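Thank you all for coming; I would like to walk you slowly through one structure today. Please take a moment to look at the sequence and the model before I begin.

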Amino acid sequence: TMSPAGVLTGVEPGAVRVVAVDNAGRRYTTDGVVNVRGMGLTAGSGSTFPNLGVSVPVTVTSVSGLGIRSGQFTLTFNGALLTATGVTTPAGTLLDGWGPVQFGTSSGTCTVGFAGGSDLAGSGTLCFLQFAAGATAGSTSLTVTQGLFNETLPAKTTNGSISVQSIPAISIS
């Protein structure tokens, strides 16, 4: 839909080419298509110390009414700083008890896939990703390189980050 003020609002996922005509008869057509995303997918942020683990939430905006039965997302990060170790779906997450969740990793990349027999509904924390920090302090972005639902619906993605803090100096006097 387009408001009288010219604000374009997507009403369902897909792609659209926009043609606008003002009161003076001036016409404009977008050069390309405008992608309308049905949901957002956000990698959270976290902090830990060297050689310890950290759990990072992955959240979604409302997926209710979209008929979501499967999804997959991929994150990249600094593999010299962190190792992705798994995915959890504790009580309160959208994927808790919904269907099988698969996890794959290689240096600097992890992928989570999931599928269920009923439509996924709600918003909030989808799952948690587990990471183990190496011995070096530093920080890395968690870049969502892909977020796809039902194999055809791309999500609007937001990146996160993890900070591995230096261990403070300890002195005894």
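Let me begin with a definition, in which a residue is called buried when its relative accessible area is under 20%, exposed when it is over 50%, and partly exposed in between. Please also keep in mind that what you see here is a predicted model.

With those words in hand, we can take Phe49, which sits in the loop between strand E6, residues 45–48, and strand E7. Phe49 has a relative accessibility of 34%, and because that value falls between the two limits, Phe49 counts as partly exposed. If we leave aside the neighbours within four places in sequence, Phe49 is in contact with Ala133, Val164, Gln165, Ser166, Ile167 and Pro168. The C-alpha atom of Phe49 is also 8.5 Å from that of Ala135, although 86 residues separate the two in sequence.

In that loop between E6 and E7 we also find Asn51. The phi angle of Asn51 is near 65°, which is a positive value in a residue other than glycine. Asn51 has a relative accessible area of 56%, and therefore it is exposed.

Now let us move on to the sheet. In what order do the strands of the open five-stranded sheet lie? The order is E9-E12-E7-E5-E15, and the pairing is mixed. At the edges are strand E9, residues 82–88, and strand E15, residues 156–158, each of which pairs on one side only. On average, and with direction ignored, neighbouring strands of this sheet are turned by 20° against each other. As a reminder for those new to the subject, strands of a sheet pair through backbone hydrogen bonds, and they may do so in a parallel or an antiparallel way.

I would like to stay with strand E7 for a while, and to look at its two partners in turn. Strand E7, residues 53–60, pairs with strand E12, residues 124–133, in the antiparallel sense over eight bridges. Within this pairing, Val58 stands opposite Cys127 of E12, and Thr59 stands opposite Thr125 of E12. Strand E5, residues 40–43, also runs antiparallel to E7, and three bridges join them. There, the bridge partner of Thr42 is Thr59 in E7, so to speak the residue we have just met opposite Thr125. 

Which side chains of E7 point to the buried face? Val54, Val56, Val58 and Val60 point to one face and are buried, whereas Gly53, Ser55, Pro57 and Thr59 point to the other face and are not buried. This fits a general pattern, in which the side chains of a regular strand alternate between the two faces of the sheet.

Let me turn next to charge. Side chains of opposite charge can pair when their charged atoms come close. How many salt bridges are counted in this model? The count comes to one salt bridge, and it is formed by Arg69 with Asp119, whose closest N and O atoms are 2.6 Å apart. Arg69 lies in the loop between E7 and E8, while Asp119 lies in the loop between strand E11, residues 109–115, and E12, so the pair ties together parts that are 50 residues apart in sequence. Arg69 counts as partly exposed because its relative accessibility is 40%, and Asp119 counts as partly exposed because its value is 42%.

Ser70, for its part, belongs to strand E8, residues 70–76. Is Ser70 buried or exposed? Its relative accessibility is 19%, and therefore Ser70 counts as buried. Not counting residues up to four places away in sequence, Ser70 touches Trp98, Phe114, Ala115, Leu148, Phe149, Asn150 and Glu151.

That brings us to Glu151, which is placed in the loop between strand E13, residues 138–149, and strand E14, residues 153–154. Glu151 has a phi near 65°, a positive value in a residue other than glycine. With a relative accessible area of 69%, Glu151 is exposed.

Finally, a word on the surface. A nonpolar surface patch of about 230 Å² is made by Met2, Leu8 and Val16. Leu8 lies in the segment before strand E1, residues 14–16, and because its relative accessibility is 41%, Leu8 counts as partly exposed.

Terms used
Residues are numbered from 1 along each chain as its sequence is written. This is a predicted model: local features need pLDDT of at least 70, side-chain atom pairs count only at pLDDT 80 or more; totals for chains, interfaces and linings use all residues. Side-chain values use heavy atoms; hydrogens and water are left out. Patches are made of residues with over 30% relative accessible area and no salt bridge: like charges are joined within 9 Å, nonpolar side chains (Val, Leu, Ile, Met, Phe, Trp, Tyr) within 5 Å. Accessible areas come from the Shrake-Rupley method with a 1.4 Å probe; for residues, only the protein chains shown count as cover. A salt bridge is a side-chain nitrogen of Lys or Arg within 4 Å of a carboxyl oxygen of Asp or Glu. Helices (H or I, at least four residues) and strands (E, at least two) are DSSP runs, numbered from the N terminus. Buried means under 20% relative accessible area, exposed over 50%, partly exposed in between (1.4 Å probe, protein chains only). Two strands pair if DSSP finds at least two bridges between them. Axes are lines fitted to C-alpha atoms, for helices over the stretch in contact, and angles run from 0 to 180 degrees between N-to-C directions. Contact means heavy atoms within 4.5 Å.
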